[in-house]
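Hi,

Here is the structure we talked about. Have a look at it first, and then read on for what turned up.

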Amino acid sequence: MGTFLSKLQQLFFPSAPSHSLEELQQRFLDNYSHFRELLTANNNALEAMAEMEQALLQGRNFSMAFIRAKSTVVAVNVFKMIENLRYVADGKYSALVPAYETIQREIDALLDQGPEPVDGAWVLPLDAVNRASVALSGEKMANLGEAGHVNNVSIPEGFVISSAAAQAVLQQNRLLTEINRIFQQTDSHNLEDMHRRSHDVQQLIQRCTLPDELEKEMYKHFDQLEAKYGAPLEIAVRSSALGEDLGHASFAGLYQTELNVDREQLVQAYKTVLASTYSTRAMTYRLAKGYRHEHMLMGVGCLVMIKATMSGVSYSSSPGGDSHYLDIYCSPGSARGIVEGTKETFLVQVSRTPPFTQRDSDRNNERKACPLTNAQRTLIATTVMDLERHFGAPQDVEWSIDSSGKLFILQSRPISTLFLEQDEPAQQIHTDAQPLLQDGVTACPGGGSGPVRVVRNTVDLLSFPRKAILVVEHPLPEWAPLLKRASALVATTGSAAGHLATIAREFGLPTLLAVKDALKVLNNDQIITVDASHRVIYDGCIKELCVTPATSQSSPMQGSPVEQTMKQVLHHITPLTLTDPGSPFFRSSYCTTLHDITRFCHEKSVTEMFRFGERYRYVKGAAKRLVDNMPMEWWVINLADGFSEGFNASEKYINISDIASSPMLAIWNGMHAFPWKGPPQVSFRGMGSILFQSTRNPGLDPAVRSAMIQKNYFLVSRNYCNLSVRLGYHYAMIEAYISSLRTERYVTFRFKGGAADEERRVARVALLTDLLNEFEFRVDQIGDALTARVEKRSLEFLYSRLQVLGYLSIHTRQIDMVMADSGQQQRYRDTFSRDIKEMLSHDGHRFP
Amino acid sequence: MTDTDSLDAAQKVSLLMVDDELEFLETMHKHLSRKGLQITTADGCSTAIKAMEADPRGVIVMDVSMPGIDGIQCLQKIKKHWPKSEVIMLTGHASIQSGVQGMQSGAFDYCLKPIDTQELVEKIELAARKFLANQKR
């Protein structure tokens, strides 16, 4: 019987392992050291999680490198937390390891996701291509092939070298891994680094060999065309990447087009266009728009050259906003000069329905002396409207007319952005300021101010300062990398139909083109304001005119593949499902996200440190009762150097004067700054709610014992404090590590529960959230629980925030009972805010 | 144990920085010396091992991707022969797998390039504190 009893006793009350005092002391110090490492890792992991969430929520621009870097910081620090917890817990919680490995594998799979393998022919005749073949042909050629199937629409003959061929080229030359390696090391904020890496990758592609079978196919299709059109045949080799020419991301002019390519130049021209997948301009655009470099596969169109007498760009619905008209931009010769903005371009607006009457207004120089005949205008308008009907959306169409008068469509894509009408002549609206120039064409409305920076070459491009005004001769696509850096764009030539104008509109960059004297009047470093909407440039900075165009997208990355990846990765990192340490589901095997693991590790490590003294009967690690006149019990456990040197460790009581923990003193100071006025006056209804809740939730019953609930505990060292407090019916935890090392510093606060019904508890937490936001905490509120955090700030700031938390933990108790009354809520909020400001304004509280 | 409020520990411990990018090594050498740290450099794993054999350092900061013997293999060699030395891994190519592999092989911490120098200095201080604490045993 005795043996049975002793076994039973051992099962439920295992005796402490036998250790010498010296061993215990060393073990306690080791545990504390690992506990500190765990706290620092927790701090770093939570900070990186918050950075990822903020980047997503604030619609900031981020790259795959950012997602990789931050996920790695989180994962490595969570790994450290598990290791350190298992040390302080004598190897317990082994289920955390498989839980962590599962999450890690899931995140890795998302980050390392390569492009979908493409199956299909390497070369396709263009007349066999339509929208259904987009995965092989790329967007541009799929649209063009589709346009060729519309009645009375002609497109040039040609063939498409498919994305499957591009994939085969990269695979045969083992380039995919190498390209990924290079780009993962690229500093996306550094244009010079990006330019260098882009050059390296393009060289790799230029030097690679094509599969023999592919070369054979390319020549076979070329020879067929040459047999039909006669030798020597010249073709245009044009990009048609997957994802190019979409409504929200035009990629206008960012990839290479090679013109007048003969048989001998075919392979090299193909490689040049393929390599332009990785041009600096395409890469910066993809970063801004949230596309993954490694997912871009290039289809390439090879089209018989049209000997154009007239070319142009037409918008089937005027992007000016008047949907009754369509815009026709035109110029003699090829379309290249129009889209690159180097040629004088004419604009005519006609109604969208037959007989396509010309609009009777003359808004700027683009309209003067249109060289199109009435018959040509009608032909273009009819075809463009046919294309809009066929594709079901307004189209941006590039066209050429040959010497026989035949109209060829070279491209048809959805219009990527809208911009505002500009009917009035250039108009000075800021009468006090000096207009330097009143001229030009609005390519994107809005206004921007900054120092002038004239860009003529790559050296100028690489040294372009952020927020300067970009001034160029021609709006060439090669300046596209600067559009996210500039505060406005001015060029001496160009029209709203140019590629750079299209991209400027996508980014919402105020853009004024065809300002003939811009280079004569504007000088480097001169501060100017560009009012693109009214086509005026002023001397100096006029803040009222600096407005973001209403047409710009709220976030250029919205819905992009990189944003999708971020969301998918965050799904495994940030949701917190383990919120209640008292729940039976608060177990290592239930951790489903990295945030869960941090929460679990933190909670258990504090508990392990808390229990050490009791478990090992280590008197120095045991709790001392704090002598104080508050009607609550405060107990303090010293983890390291949290008590004064003269304090006798065998004492059961301690005075506040013997506390050497600076964060604890700051909290204590906040608690005592103002006397508590006692519980609020509760109405009969409020009290009824409390009684009802008490019957349903045994956790609210003060008679129910739990390790850290009945007494309020401080775990302290000189720089650390963890306060677990049960005041009234709510649970609060304040924790801080305040060291001189920024990486270790943080203050965190958790709050949950209350006695009233859910509505009132949530109202109290909302009030707390409001106050904590006012004092610059980062707050997450879920129902009646909140977590607030600040980290890596100045010592003074963090000490003052501990005072705030000390104050709130005392003064918000039991106020949930009166939270149904919005007037009361506001009165409490005002009182708390006033008290806290007064408390913080007092000088002389220094806690280091 | 006390919570030191300065770079006391880092200044007491000798530091070895290992990277094949010589320009980076030179910049870091200048910067960390100005902070009062005793730093020597090595351009690869074999040089680092020789330096450790001649004079074991307390803290090593090492790039993960180096030609020849890579940073992870080098870390494993160092931890095998000098288990008390603390190693901080650097990488310009963030990958969870390589980060975790480094930690499993005994790295103290993991730092991403481009380097936030203040962050690296603080990590060196923390690693030095751990090294000194372990030395006392």
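**Cysteines, paired and unpaired**

The sulfur of A:Cys546 has its closest cysteine sulfur in A:Cys541, 5.3 Å away, which is too far for a bond. Bear in mind throughout that this is a predicted model. A:Cys546 comes out at 33% relative accessibility, so the residue counts as partly exposed. A:Cys721 is another matter: its relative accessibility is 1%, so that cysteine counts as buried.

How many disulfides does the structure hold over all chains? Just one. The bond is in chain B, where B:Cys45 is joined to B:Cys74 with an S to S distance of 2.3 Å. What does the pair tie together? B:Cys45 belongs to helix H3 of chain B (residues 45-54) and B:Cys74 to helix H4 of chain B (residues 71-81), so the link ties together parts that lie 29 residues apart in sequence. As for handedness, the torsion about the S-S bond of B:Cys45 and B:Cys74 is about 95 degrees, so this disulfide is right-handed. Both B:Cys45 and B:Cys74 are buried.

**Where the chains meet**

Next, the interface. On the chain A side, 39 residues are in contact with 32 residues of chain B. Between them the two chains bury about 2,900 Å², and 55% of that is on carbon and sulfur atoms.

On the polar side, there are six residue pairs in polar contact between chain A and chain B, counting pairs with both residues at pLDDT 80 or more. Three helices of chain A, H2 (21-57), H3 (64-88) and H4 (96-111), each supply at least two residues of the side that touches chain B. By type, the residues on that side of chain A split into 13 nonpolar, 14 polar and twelve charged.

How many salt bridges does the rule find across the interface of chain A and chain B? The count is four. One salt bridge to pull up in your viewer pairs B:Asp109 with A:Lys80, with the closest N and O atoms 3.1 Å apart.

**Three spots to zoom in on**

A:Leu96 sits in helix H4 of chain A. Is A:Leu96 buried or exposed? Its relative accessibility is 0%, so A:Leu96 counts as buried. Setting aside neighbours within four places in sequence, A:Leu96 is in contact with A:Ile82 and A:Leu85, and also with A:Ser588, A:Cys591, A:Ile597, A:Phe600 and A:Cys601. There is a long-range pairing here too: A:Leu96 and A:Ser589 are 493 residues apart in sequence, but their C-alpha atoms are 6.4 Å apart in space.

A:Ser560 is in the loop that runs between strand E18 (536-539) and helix H18 (561-573) of chain A. With a relative accessible area of 3%, this serine is buried. Which residues does A:Ser560 touch, not counting those up to four places away in sequence? They are A:Lys289 and A:Gly290. In the case of A:Gly290, the side chain of A:Ser560 reaches the backbone oxygen at 3.2 Å.

Last one, back in chain B: B:Asp55 is in the loop between H3 and strand E3 (59-63). At 43% relative accessibility, B:Asp55 counts as partly exposed. From C-alpha to C-alpha, B:Asp55 and B:Ser14 are 9.3 Å apart in space, with their places 41 residues apart in sequence, counted as how far apart they are.

Cheers

Technical notes:
Residues are numbered from 1 along each chain as its sequence is written. Chains are lettered from A and ligands numbered from 1 in the order in which they are written. This is a predicted model: local features need pLDDT of at least 70, side-chain atom pairs count only at pLDDT 80 or more; totals for chains, interfaces and linings use all residues. Side-chain values use heavy atoms; hydrogens and water are left out. A disulfide is a pair of cysteine sulfur atoms within 2.5 Å. Helices (H or I, at least four residues) and strands (E, at least two) are DSSP runs, numbered from the N terminus. Buried means under 20% relative accessible area, exposed over 50%, partly exposed in between (1.4 Å probe, protein chains only). Contact means heavy atoms within 4.5 Å. Buried area is the accessible area (1.4 Å probe) that two parts lose on being put together, summed over both. A salt bridge is a side-chain nitrogen of Lys or Arg within 4 Å of a carboxyl oxygen of Asp or Glu. A polar contact is a pair of N or O atoms within 3.5 Å; within protein, one must be able to donate a hydrogen and the other to accept it, and residues adjacent in sequence count only if both atoms are side-chain atoms. Ala, Val, Leu, Ile, Met, Phe, Trp, Tyr, Cys and Pro count as nonpolar, Asp, Glu, Lys and Arg as charged, and the others, Gly among them, as polar.
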